[in-house]
Amino acid sequence: MIAGRDAERSALRAVLDAARAGRGGALLVSGEPGAGKSALLADAVDGVDGVRVLRVQGVESEAPLAFAALHRLLRPLRVGLSTLPPRQERALRAALGEADADGGAPADRFLVYLALLTLLSDAAAHEPTVVVVDDAHWLDEASREAVLFVARRVEGEHLAVLLAARDGTLPGAGLPVLELPALDAPAVRTLLEASSGLDVPSVVAERLRARTGGNALALVELADALDRETLAGRAPLPTELPLTDGVQSTFLRRYERLAPAARSVVLLVASDDSGDVDVVRAAARSLGADDSAFDAARQSGLLALRGAHVDLRHPLVRSAVYGRAAPDERRRAHAALADALARPQDADRRAWHRAAAAEGPDEDVVVALEGAARRSAAAGGHEAASAAWERAAELSVDADAHARRLQAAAAAAWTAGRLDRAGALADAALLTVEDPLVRADAALLRARVEWNTGSVQVAHRRLLESARAVAGHDAARAREAAMFAASLEATSHLDAEVDVRAFVGAPESADERCVADLLAAYVAIARHDWAEAVAAVRRAAAVGGTARLGLEGLLPNLALVALHVGLDDVALQLHERLLAEARDAGALPLVVYALTRRGAVDVATGRWDVLAAGAREALHLAEATGRPALTAMPLAWLALAAALRGDEDATARLTALERALATGPLGTTEASVRGQLVWARAVLAESPASALHHYAQMSHGFAERLVVLDRVESAVRAERLDLAQRWVAEVALFAEGTGVPWAVAAAEHGRALLAPAERAEAHFRRALDAHASSARRVDAARTHLAYGEWLRRARRRVDARAHLRTALQTFDDVGARRWSERAAQELRASGEQLRGRGPGAPEGPALTPTERQVALLVAQGLPTREVAGRLFVSPRTVDFHLRNVFAKLGITSRSELAHVDLS
């Protein structure tokens, strides 16, 4: 019986209607325990025609088992696994325990998520499908993240996702939320009457509403617990209701009225995570509870038996019964369940039950938990792996083994993106560890967490201490820690108190030589020894062709250091490699990393369309996977791109970026993001003096060099020649050391602005000569514009036009409206007639950002499934956007799209 929920039922029906219509929909039903969430979900889908319903309910005791809920959810769709793209199929089968991960390597969890999306999308293409997830807060974390990933990406699908969870248990889910308020008085009366079969006076209903807070489950239980005279208003309500201690108390009273054997059955079901009636019966028999005890437990109303599945009537029964049981009773229940789980595929469940039954250290249980941890990690269930390693550590006897397992738990938490948990576990390992190698690994991981979420200075100190401590035991570990310390010194303005190279010896392997060259590069950058820095980067890049540049270590750092020394070609090549490998591995966080770090090359080389598309993709992926910490950098690039282009939404994007920065520390990315924020403010400034105020705040060396022309021009226009001279001198030193053409050009451009008239032209020409060897076309256009302006003022209007035309063409190509208007104005002043530049000039078709991403990839000849894999959406979503692209562009085929100018 559902009362007083008409609006909520309509909202749920609307989601199902959207799925039937191919629009897709998702909704999270949120409320306190007993509010009626489960009843609403059941009401929405029970008896619905023409819709496939897939259901799963979270089970608290299943939390340590990676993808356990997903395993139950997908049972009806197993036949469809073979139709998935091969890598997705292997990843999903590994997650479900049906096969080893791809090539024996750990499965990337986001590839599992993508496989789930593809599988559900394919199923929904044949029949509208709704996924119903009750008690989502108790799903194992891997399953919960997978379902949320799908729920955020149902647009254009015949697919709906309905979830129910307790208030406040799924923060940042990123879904529309339907909050269940307390029932009003008429609804309370209706529910009481339907549950009791009596006429309940309004005054009784109102008093019970006040006493229960309008909680539906409490009211239903009271309708059964109170006598008929009281409900009918002929006897007063008792001073203390049967639910004084909450709804759980009535369940406990039923439990305590059972015979001991029947209570054992209920406790077994509360302790169980399989729901398998045969497992529960076998465990019950081992505790002396026969079938009659099982029947008595079922007749109490505390159990729900559906075929071969047994569960508790309500999650609060589990909390009440398990919480009331004595520790020795719980241990006996878990031991009985472990013995009953004899099949090979139950190894992980058996390990966890054995761990729950253990009274103290037990190496046999530790071995079982280690096996569960490795299997979970191989399937991409890194949270479950972390929990297994942590419990194994708790049951370890040897102190070093304890620390080693805590370090393994910390590493798994890091891989899962749970940085706070990784830091806490690494700290715990460092408290007891004696083994210098384990200590070094834990210290490096702790420093990683610190520089990503906290203090760069603290991380730097930890790295130095670790390098010094492990140097006599493992030179490779010392070198790696020293390299990271040097990177922080180079990029975060830290004082180098010691020479980190003192901790390391000569490298032996290609991998070690690459790390050594990176170390040398960062040390040189910190000292502004640009010639040595460039030489070291080029050595590292050359060695990188044969070294194992892992996604988590060398490759991202090598790509980053190339940016800092201005080697645009090397930086772009390495970031494209990182992006391709991250996409191929399905490593979504690293896709976000590669897209955002490549943005520096994109903005510098005038690839502003690529910059904006990459930032939008990174933002979409960060939001779709519930990683708000990863959104700041994409938001920064989008704000800057909008400012550079003069887009109408530039101010709004700047505001969104400021909100993201206010949420908390961003670790090593904070300096970059704040630099981008200041840069965007300067671009939008209304006067040279205001722009200069912002540019002067930029203190991140890499960012300062990106905006050197803007800074110098603003300083000259604001009559701050002292600042202009200082900034020109700085970029000139950089150019002299690195020899990179764009820096040479920037220095000559600045000198031209500062030089007397008779010497300015020579500097402009030298700047243009250097630009000819650089990929930074916007900077070259800026020099053409400045030179053209100088020529026009010198009354050489014909000479000026060629440079102004070149500048205008580039500015139009990249969409730099502000610069285009300035160049067009100068051309008109030189006597040139410009046509078709008024407000009525035709614009290209208004593709949405997602449509444009799809169009660009399809235009490259990629098939639908590969486009879907790259964008982490379903193939059906790609087709949905592609149809819109065709309609907007007035074309009908992919071959036509390949010839459309999408810029």
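Me: What makes the pair Arg324 and Glu256 a salt bridge?
Reply: In this predicted model, the closest N and O atoms of Arg324 and Glu256 are 2.4 Å apart. The rule asks for a side-chain nitrogen of Lys or Arg within 4 Å of a carboxyl oxygen of Asp or Glu, so the pair counts as a salt bridge. Side chains of opposite charge can pair when their charged atoms come close.

Me: Which parts of the chain does this pair link?
Reply: Distant ones: Arg324 belongs to helix 15 (residues 315–324) and Glu256 to helix 11 (residues 247–257), with the two positions 68 residues apart in numbering.

Me: Why is Arg324 called partly exposed?
Reply: Its relative accessible area is 48%. Buried means under 20% and exposed means over 50%, so Arg324 falls in between. Glu256, at 40%, is likewise partly exposed.

Me: How do you know that Arg598 and Glu576 form a salt bridge?
Reply: The closest N and O atoms of Arg598 and Glu576 are 3.6 Å apart, and the cut-off is within 4 Å. Arg598 is in helix 29 (residues 588–604) and Glu576 in helix 28 (residues 568–585), 22 residues apart.

Me: Is Arg598 buried or exposed, and why?
Reply: Arg598 has a relative accessible area of 7%. Buried means under 20%, so Arg598 is buried. Its partner Glu576 has 31% and therefore counts as partly exposed.

Me: What makes Glu826 and Arg792 a salt bridge?
Reply: Their side chains meet at 2.6 Å, N to O, and the rule asks for within 4 Å. Glu826 lies in helix 42 (residues 817–829) and Arg792 in helix 40, 34 residues apart.

Me: Why does Glu826 count as buried?
Reply: Glu826 has 13% relative accessibility, and buried means under 20%. Arg792, at 25%, counts as partly exposed.

Me: How many salt bridges does the rule give, and which residues are linked in a network?
Reply: The count comes to 67 salt bridges. Glu62, Arg72, Asp273 and Arg349 are linked in a network of salt bridges.

Me: Why are helix 1 and helix 2 called oblique to each other?
Reply: Helix 1 (residues 6–20) and helix 2 (residues 37–45) pack at an angle of about 45°, with axes 10 Å apart. Angles under 35 degrees count as roughly parallel and those from 65 to 115 as roughly perpendicular. The angle fits neither class, so the two helices are oblique.

Me: Which residues make the contact?
Reply: Helix 1 contributes Glu8, Arg9, Leu12 and Leu16, while helix 2 contributes Leu40, Leu41, Asp43 and Ala44. By class, five of the residues in this contact are nonpolar, three are charged and none is polar. The crossing of helix 1 with helix 2 is right-handed.

Me: What is noted about the phi of Asp135?
Reply: Phi of Asp135 is near 50°, a positive value in a residue other than glycine. Asp135 sits in the loop between strand 3 (129–134) and helix 6 (141–151). Its relative accessibility is 5%, and buried means under 20%, so Asp135 counts as buried.

Me: Why is Arg795 called exposed?
Reply: Arg795 has a relative accessible area of 77%, and exposed means over 50%. Arg795 is in the loop between helix 40 (777–793) and helix 41 (797–814). Its phi is positive, about 65°, although Arg795 is not a glycine.

Technical notes
Residues numbered from 1 in each chain as written. Predicted model: local features only at pLDDT ≥ 70, side-chain atom pairs only at ≥ 80, totals over all residues. Heavy atoms only, no water. Axes fitted to C-alpha atoms, helices over the stretch in contact; angles between N-to-C directions. Helix = DSSP H or I, 4+ residues; strand = E, 2+ residues; numbered from the N terminus. Parallel < 35°, antiparallel > 145°, perpendicular 65-115°, else oblique. Left-handed = near helix turned anticlockwise from the far one by under 90°. Contact = heavy atoms within 4.5 Å. Nonpolar A, V, L, I, M, F, W, Y, C, P; charged D, E, K, R; others polar. Buried < 20%, exposed > 50% of the residue type's maximum accessible area, 1.4 Å probe, protein only.
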